[in-house]
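Subject: The structure to look at

Hi,

Here is the structure I said I would pass on. Have it open while you read, and my notes on what turned up in it follow below.

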Amino acid sequence: MGWSLDKLVTDGIGDELFAFAAKIYPFCRSITGNGVRQTLREVGAHIALDIHEVPTGTAVFDWTIPREWNIRDAYIKNERGEKVVDFQKSNLHVMSYSVPVQRRMSLGELKQHLYTLPDQPELIPYRTSYYAENWAFCMAHSQLEALQDEAYEVLIDSSLADGHLTYGEYLHQGETDDEFLLSVHVCHPSLADDNCSGIALLTHLAKRLARLKTRFSYRFLFVPGTIGAITWLARNEDQVQRIKHGLVVSMVGDSGGPTYKRSRRGNTEIDRAMIHSLHHSGSSPTILEFSPYGYDERQYCSPGFNLSVGLFQRSKFGSIPEYHTSADNLEFIRPDHLNSSYRLIADTINVIENDAVYRNTLPKCEPQLGRRGLYGAIGGDKDSAAANMAMLWILNLSDGTHSLLDIAERANLPFAVVQRTALLLREGGLLEPLIPTQNEAQT
């Protein structure tokens, strides 16, 4: 098939991801509106992205597509005409989905529409009010304490009207129609880790996969959180059964973690492949059991679909002080962390793509590997000892019932080592593939 992990992982990928995250960071995204469209246009500059517009009022299971929200400007001015809060300096200053307002009011009345973080007095919080009409500003608590008891001019130049929910979709067609789903939310404003980092990673992963021949098809979704995933599932219910593996990707640029949350089923191939890659990455991963709270994995794993979809992050959402604050900025994410996250997902794809079941052609006792030039065939390589041990494990367990991932887990060896060694044994005539493989039979 010509598929190679080396072609998916290229030098400088961390810098590319950071540059893309920095480009989309200023955009004011919400669950609808022009900020989402602007972001998807940037994604579409790299891949052949299909953009879908779903009208306000459309029923999607128990939900309804909301009205579209857009914002042009917002500020709070004191009596001297000074802007004490300015949307143009940070789009976090306005609660997402704030209705229009233009009024003068006292400080006491204004305080009823202000959000701060008293325990983090220099940070601006991120707040939303998607499904209840309201308006509010967000500001540093230290700014609030400095406000004088006077009248203030308040402006939120926004619109909330019938329009559309927008999402992007890209399908890389593989040799089979069985799909690997990769999903990211595109509804947060200027939050670098949550989730400019995830958008950047999946954009460039899709860009590189597009050049390769793959066994599986890969579907990339760039959707507003919750309502976007629900919308896609409602519009594609007849083809959801094609999804055999999936990952929701978020918060992949910080120094924490890495963290993986299992799918609802708990021990599917994506769970095993992701956890295997994490354990052999040299990091100290945190593995979480499934819960119906989090990101869009809870929609894909809802009981009516029960898809094999996990969640990959570095720091766990809600567990770090920067989460949903202005501290989640471009200084919080780094190219090396983005690079590490990308490689972990690429390693997992390598497992899914290349897992297979073989049969030992000489199963009665060990074959004479030295005579065939196989024992120590990778001598001098840093993985030679592991490869030699992998040969013994592969020959012993290749009885037609164990996959390469089974063997890698049992032998506690990196999948890539087991995969390369299996190819050597096959070239030496000691292994034959089962057709169909166990994976294909299961799907």
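Start with strand 4 (residues 68-77), which pairs with strand 5 in the antiparallel sense over 3 bridges. Bear in mind as you look that this is a predicted model. Two facing pairs are worth clicking on: tyrosine 75 sits opposite aspartate 86 in strand 5, and isoleucine 76 sits opposite valine 85, also in strand 5. If you wonder how side chains are arranged along a strand, in a regular strand they alternate between the two faces of the sheet.

Strand 4 and strand 5 make a hairpin with 5 residues between the strands, and glycine 81 takes a positive phi near 80° there.

Now zoom out a bit. Which sheet does this hairpin belong to? It is an open sheet of 4 strands in the order 5-4-9-6, with antiparallel pairing. Strand 5 (83-86) and strand 6 (101-106) are at the edges, each pairing on one side only. From one strand to the next, the twist averages 15°.

There is another sheet to find further along the chain. Here 3 strands form an open sheet in the order 18-17-19, and again the pairing is antiparallel. Its edge strands are strand 18 (399-403) and strand 19 (431-433), each of which pairs on one side only. On average, neighbouring strands of this sheet are turned by 35° against each other, direction ignored. Strand 17 (residues 357-360) pairs with strand 18 over 2 bridges, in the antiparallel sense, and arginine 359 stands opposite aspartate 399 of strand 18. Helix 12 (residues 404-411) packs on this sheet and touches both strand 17 and strand 18; the direction of the helix makes about 70° with that of strand 18.

Next, a pair of helices. Helix 2 (residues 13-24) packs with helix 10 (residues 335-354) at an angle of about 110°, and their axes are 7 Å apart. How do they lie relative to each other? An angle from 65 to 115 degrees counts as roughly perpendicular, so helix 2 and helix 10 are roughly perpendicular to each other. Their crossing is right-handed. To see where they meet, show Ile13, Gly14, Asp15, Leu17 and Phe18 from helix 2, together with Pro335, Leu338, Asn339 and Tyr342 from helix 10.

Then there is the inside of the protein. Which residues have the most contacts inside the largest nonpolar core? They are Leu205, Phe220 and Phe222, in a core of 76 residues. Helix 6 (residues 192-209) gives the most to this core, with 9 residues. Pick phenylalanine 220 as an example: leaving aside its neighbours within four places in sequence, it is in contact with Gly168, Glu169, Tyr170, Leu182, Leu202, Leu205, Ala206 and Leu209. Apart from that core lies another one, of 58 residues, including Val85, Val223, Leu307 and Phe317. You have already met Val85, as it is the residue in strand 5 that faces isoleucine 76.

Last, some overall numbers. The protein chain has 14 helices and 19 strands, and 57% of its 443 residues count as buried. The C-alpha atoms fill a box of roughly 90 × 45 × 35 Å along the principal axes. Of the contacts in the chain with a separation of 6 or more, 80% come from residues 24 or more positions apart.

Have fun looking around!

Definitions and conventions:
Residues numbered from 1 in each chain as written. Heavy atoms only, no water. Core = buried A, V, L, I, M, F, W, Y, C linked by side-chain atoms within 4.5 Å. Buried < 20%, exposed > 50% of the residue type's maximum accessible area, 1.4 Å probe, protein only. Contact = heavy atoms within 4.5 Å. Pairing = 2+ DSSP bridges. Axes fitted to C-alpha atoms, helices over the stretch in contact; angles between N-to-C directions. Parallel < 35°, antiparallel > 145°, perpendicular 65-115°, else oblique. Left-handed = near helix turned anticlockwise from the far one by under 90°.
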